[in-house]
Amino acid sequence: MSIKKKVLITGGAGFIGSHVVRLFVKKYPNYHIFNLDALTYAGNLENLTDIEKAPNYTFIKGDITDENFIEKIFESHKFDSVIHLAAESHVDRSIKDPLAFVKTNVIGTMILLNAFKRCWSENFKDKLFYHISTDEVYGTLGDTGLFTESTSYDPNSPYSASKASSDHFVRAYGETYNLPYVISNCSNNYGQNQFPEKLIPLFINNIIHNKPLPVYGDGNYTRDWLYVKDHAIAIDLIFHNGKESETYNIGGFNEWKNIDLVKLLCTQMDTKLNRKKGSSEKLITFVKDRPGHDLRYAIDASKINKELGWKPSVTFEEGLEKTIEWYLNNEDWLNSVTSGSYKLYYQNQYS
Ligand code: NAD
Ligand code: TYD
């Protein structure tokens, strides 16, 4: 089969990236998918064992901050398009080590942009740099309102500041060098293969082991949750049909206060684990708040809905149930990612 496109997906061994890699490898046999990942604590090739031998898939271990290496792989493979997900992605880690976020999220993105520009600057026809970003760049909402594509950037955490900076550089390369790009800013994802440092998988793991559920502050913080496979579908649509130089907001139309979400999770876990109703809720423990904690995120996803016909395919209750089932059926995965350095992280963050 002749190869129509060479697509570089960065961060493809991570949570969202692995779902995007799988979707593209399976759906587009005439594309060659290159997955570039440094395999940090968050990257795990076990997320991709089902497609690792596919003829249209190649894994490249490497760091996006390694300029020589990145230049070389662009020279040898001449990727037509990039879907850039590689990042440091956890707010709490960014509070402890902000510089690591600048290195990967800002400098790493710059190095990719430069390599892509050098590779194609004479002819950008049918080329695309697709930058995956977050709704956290918009800062926080009060009790009302939604983030639209024209909401001003106002990031509050080192994580969101580094993602905002990378978004600005992508846009600046579009304006300055005509580099063809598209950006999407998505709300909180959940689903299988998410590293158990983020709220939902951390709490699932703690409930399994009867450990306290550390709710920050009073728990009255709101997030808009989207099932990861629906994010991957949106990325596919934007990659193929999104308008160049534009931004698309992606959200779940699904706002939850943390404390209400945690209670729903506890109820579903009690049922799945055949535990007495109410037993998981007893594990809820209110702990010291996260510094600079954003009160509320909520996305207006009407643009992607109207222009590309996208909307979430599962309800939150269904998605959460599928997620819980996956973690309960994949105990080996959970045990392997929570051994070693995870224990140290947990101790530092929650002791
Ligand atoms: P993740 O932390 O699960 O995965 C990140 C991946 O990037 C890992 O596989 C890791 O090994 C890799 N990586 C990290 N540093 C690297 C480097 N220097 N070089 C090469 N690879 C490196 O993250 P995720 O939750 O899957 O998020 C993916 C992207 O989506 C990020 O850009 C994030 O900002 C964005 N995003 C995430 C969410 C969410 O809720 N998780 C929501 C919106 C946007
Ligand atoms: P998280 O999953 O870290 O995503 P983000 O900070 O990017 O939104 O956190 C989701 C919400 O849950 C956020 O308001 C912080 C809160 N939270 C807790 O209350 N306890 C925890 O242990 C964690 C990790 C998060």
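## Exercises: a buried leucine, two ligands and a helix

**Exercise 1.** Find the residues that Leu 113 touches, not counting residues up to four places away in sequence, and then work out where Leu 113 sits.

*Step 1.* With that exclusion in place, the partners of Leu 113 are Phe 129, Phe 169, Val 170, Tyr 173 and Leu 179 (contact means heavy atoms within 4.5 Å).

*Step 2.* A quick word on the material: this is a predicted model, in which local features need pLDDT of at least 70 and side-chain atom pairs count only at pLDDT 80 or more, while totals for chains, interfaces and linings use all residues. Residues are numbered from 1 along each chain as its sequence is written, chains are lettered from A and ligands numbered from 1 in the order in which they are written, and side-chain values use heavy atoms, with hydrogens and water left out.

*Step 3.* Now place the residue: Leu 113 belongs to helix H4, residues 98–120 (helices, H or I with at least four residues, and strands, E with at least two, are DSSP runs numbered from the N terminus).

*Step 4.* Leu 113 has a relative accessible area of 0%, so it is buried (buried is under 20% relative accessible area, exposed over 50%, partly exposed in between, with a 1.4 Å probe and protein chains only).

*Step 5.* For a sense of distance, take Ser 94: 19 residues separate it from Leu 113 in sequence, and their C-alpha atoms are 23 Å apart in space.

**Exercise 2.** Describe the surroundings of ligand 1, starting with the residues that come nearest.

*Step 1.* There are 28 residues around ligand 1, and Ile 16, Asp 37, Ser 89, Tyr 159 and Lys 163 come nearest (a residue counts if one of its heavy atoms lies within 4 Å).

*Step 2.* Next, look at individual atoms. A polar side-chain atom of Asp 63 is 2.8 Å from a nitrogen atom of ligand 1. Oxygen atoms of the ligand lie 2.6 Å from a polar side-chain atom of Ser 89 and 2.7 Å from a side-chain N or O atom of Lys 163.

*Step 3.* On its own, ligand 1 exposes 830 Å², of which the protein buries 96%.

*Step 4.* At least two shell residues each come from helix H1 (15–27), strand S5 (128–134), helix H5 (158–177) and strand S7 (188–190). The largest share, 3 residues, is from S5.

**Exercise 3.** Do likewise for ligand 2, beginning with its nearest residues.

*Step 1.* Among the 20 residues around ligand 2, the nearest are Glu 136, Arg 223, Arg 290, His 293 and Tyr 350.

*Step 2.* The backbone takes part here: an N or O backbone atom of Pro 214 lies 2.8 Å from a nitrogen atom of ligand 2, and a polar backbone atom of Tyr 216 lies 2.8 Å from an oxygen atom. From a side chain, a polar atom of Arg 223 is 2.7 Å from a ligand oxygen atom.

*Step 3.* The protein covers 97% of the 510 Å² of accessible area that ligand 2 has alone. Helix H3 (91–96), helix H6 (199–208) and strand S8 (213–216) each give two or more residues to its shell.

**Exercise 4.** Which residues of helix H12 (341–350) are buried, and which exposed residues does the opposite face carry?

*Step 1.* Tyr 342, Tyr 345, Tyr 346 and Gln 349 are the buried ones in H12. They span an arc of only 100° around the axis, so they share one side of H12.

*Step 2.* Turned away from that side are the exposed residues Lys 343, Leu 344, Gln 347 and Asn 348.

*Step 3.* The cover over the buried residues of H12 includes H3, H6, S8 and helix H11 (331–337).

How values were computed. A polar contact is a pair of N or O atoms within 3.5 Å; within protein, one must be able to donate a hydrogen and the other to accept it, and residues adjacent in sequence count only if both atoms are side-chain atoms. Accessible areas come from the Shrake-Rupley method with a 1.4 Å probe; for residues, only the protein chains shown count as cover. The arc is that of the directions from the helix axis to the C-beta atoms.
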